[in-house]
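Please find below some notes on this entry, set out as numbered points that can be read beside the sequence and the coordinates.

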Amino acid sequence: QEEEVGDATNLCIAFAGELLTQAEALIKMGLHPSDIVKGYEEALEKLKGYLEEIVCHTAVNVREKDEITKLLTPVIASKQYGVEDVLTPLVAEACLLTTPAKASNFNVENIRVSKLLGGGLHNSQVVKGMIIQRKCESQLLHVKDAKIAVFNCPVENPQAETKGKVIINTAEELENFSRSEEELLESIIKDIADSGVNVLICGGSISDLALHFIDRYKLLAVKVMSKHELRRVAKSVGALTMTRLGAPTPEEMGAADEVTQTEISSQKLTIIRRDSTDNKLCTLLLRGSTMNMLDDAERAVDDAVNVMKSLLQDGRFVPGAGATEILLSSKLQSYASTIPGLSQYSINKFGEAFEVIPRTLAENSGNNPTQLMSQLYAQNSEKPVYGIDIDEGTVIDVVHSGIMDHLNTKYQSLRLATDAVLTVLRVDQMIMSKPAGGPNPTAAQRHAAD
């Protein structure tokens, strides 16, 4: 579920567990697992049609921030309740910045999350471009209209591939030998500067001598020790990663509006800003007091970005807060009563399994699940848009309140949960492998000693 859709993983696990519980009850009644499998498969086929019947909203204006914020708020609130008003506008802004001309080609990898201790979530911000959590190595800390070269190698004198021996007889020869190394490195840095580059980003070490010449030719240098991070930086600025140290060609150079070092919460960061329309990568800088809080916020952001990808492909939404599950439960149980044969029992239990979602919502919010379940069944018999208000402990119109779930995300979660349960139910024999060989030598020795 996490790989295919990126959200609703808890729904998938909870529903699969409840289906297995209901299957256990059916087996104790005397049903064979094959009959249960048949009924579950039939119920799953009906599921997609029932979901499409209760679509309550279709996303049309996918490039308007208010519309996206409204649709992503329930996703954030389900993970980080209470801070959705802070996080959701930031996620919506990041999604809109990275949405390409053909919206269905949206790539979740283009939105990066950078976590920084200190401050609160309200201090978080969206940066168009890249944040590198390292300070600049050079004395120059700010460059506008940057031309960037990205090197996947150390910035130092080239090392010979073979070992050699140099015999130096006089002090003059020693001085000339050192000077030749300096002149070689200076010529390399000068060629890089003459090509128009004013920012160096490298994935290896930068020698002290190289830093001296970098400062002499007024270049800004940054080290990125992670190869994955280096590729992301190169993609952000439109550069090609070079494996040789030398002047880049115009095709290998990247560009940015600004490269600057800033300090946030006593930590120095390098920010690469690129506001051109062809840049489709941005960073969400999350602030918080503890790393656990930042990790939870990152997971919520990741789920919201994945839902954004799903809604750009299919913009249909169904009621949330348990309303959809109650309706599916009611419809499947009604359908089961019309089916002859043993399948009706498993279809009926499949419908009952949906009750675990609203019941869990009620229990986790400290409300009476039995009372809320009866209210949900009564209200949704007239209009299937009523779900649980966890704050007040009552039933509310979730569509009017903007609490909606993405149709495809919910269906995929239920389908994968059912597939997992069917796989378990189809297991009819277990073969245990034991180590081959003769008698246990350790046991034989112990017996001889006795």
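1. In this predicted model, helix α9 covers residues 323–336, and its 14 residues reach 20 Å from the first C-alpha to the last, which is close to the 20 Å expected at 1.5 Å a residue. The helix is mostly covered, with 10 of the 14 residues buried. At its start, the buried residues include Ala323, Thr324, Glu325 and Ile326, and further along α9 they include Leu332, Tyr335 and Ala336.

2. Strand β5, residues 199–202, is covered on both faces: Val199 and Ile201 are buried on one side, while Leu200 and Cys202 are buried on the other. Strand β4 (residues 142–151) runs parallel to β5 and is joined to it by 4 bridges, and within this pairing Ala149 has Leu200 of β5 as its bridge partner.

3. Strand β6 (residues 220–223) also runs parallel to β5, and 4 bridges join these two strands; here the bridge partner of Cys202 is Lys223 in β6. Between β5 and β6 the chain passes through helix α6, residues 208–216, in a β-α-β crossover that is right-handed.

4. Which side chains make the nonpolar surface patch of about 300 Å²? The patch is formed by Met29, Leu342 and Tyr345. Of these residues, Tyr345 belongs to helix α10, residues 343–353, and Tyr345 counts as partly exposed because its relative accessibility is 39%, between the cut-offs of 20% and 50%.

5. Asp85 is placed in helix α4, which spans residues 84–98, and Asp85 counts as exposed because its relative accessible area of 63% is over the 50% cut-off. Although Asp85 and His122 are 37 residues apart along the chain, their C-alpha atoms are separated by 9.5 Å.

6. As a general consideration, side chains of opposite charge can pair when their charged atoms come close. In the model, the count comes to 17 salt bridges. One of them is between Lys115 and Asp295, whose side chains meet at 2.7 Å, N to O. Lys115 lies in strand β2 (residues 111–117) and Asp295 in helix α8 (residues 291–313), so this pair ties together parts that are 180 residues apart in sequence.

7. How exposed or buried are the two partners, Lys115 and Asp295? Lys115 counts as partly exposed, with a relative accessibility of 24%, and Asp295 is likewise counted as partly exposed, at 23%. The pair also belongs to a network of salt bridges that links Lys115, Asp295 and Glu298.

8. The side chains of Glu355 and Arg359 meet in a salt bridge at 3.2 Å, N to O. Glu355 counts as buried because its relative accessibility of 16% is under the 20% cut-off, whereas Arg359 is partly exposed, with a relative accessible area of 28%.

9. A further salt bridge joins the side chains of Asp405 and Lys410, at 3.2 Å, N to O. In this pair Asp405 counts as partly exposed at 25% relative accessibility, while Lys410 is buried, with a relative accessible area of 4%.

Definitions and conventions: Residues numbered from 1 in each chain as written. Predicted model: local features only at pLDDT ≥ 70, side-chain atom pairs only at ≥ 80, totals over all residues. Heavy atoms only, no water. Expected span 1.5 Å × (residues − 1). Buried < 20%, exposed > 50% of the residue type's maximum accessible area, 1.4 Å probe, protein only. Pairing = 2+ DSSP bridges. Right-handed = clockwise from strand over helix to strand, strands pointing away. Patch = residues over 30% accessible without salt bridge, like charges linked within 9 Å, V, L, I, M, F, W, Y side chains within 5 Å. Areas by Shrake-Rupley, 256 points an atom, 1.4 Å probe, with all protein chains shown as cover. Salt bridge = Lys/Arg side-chain N within 4 Å of Asp/Glu carboxyl O.
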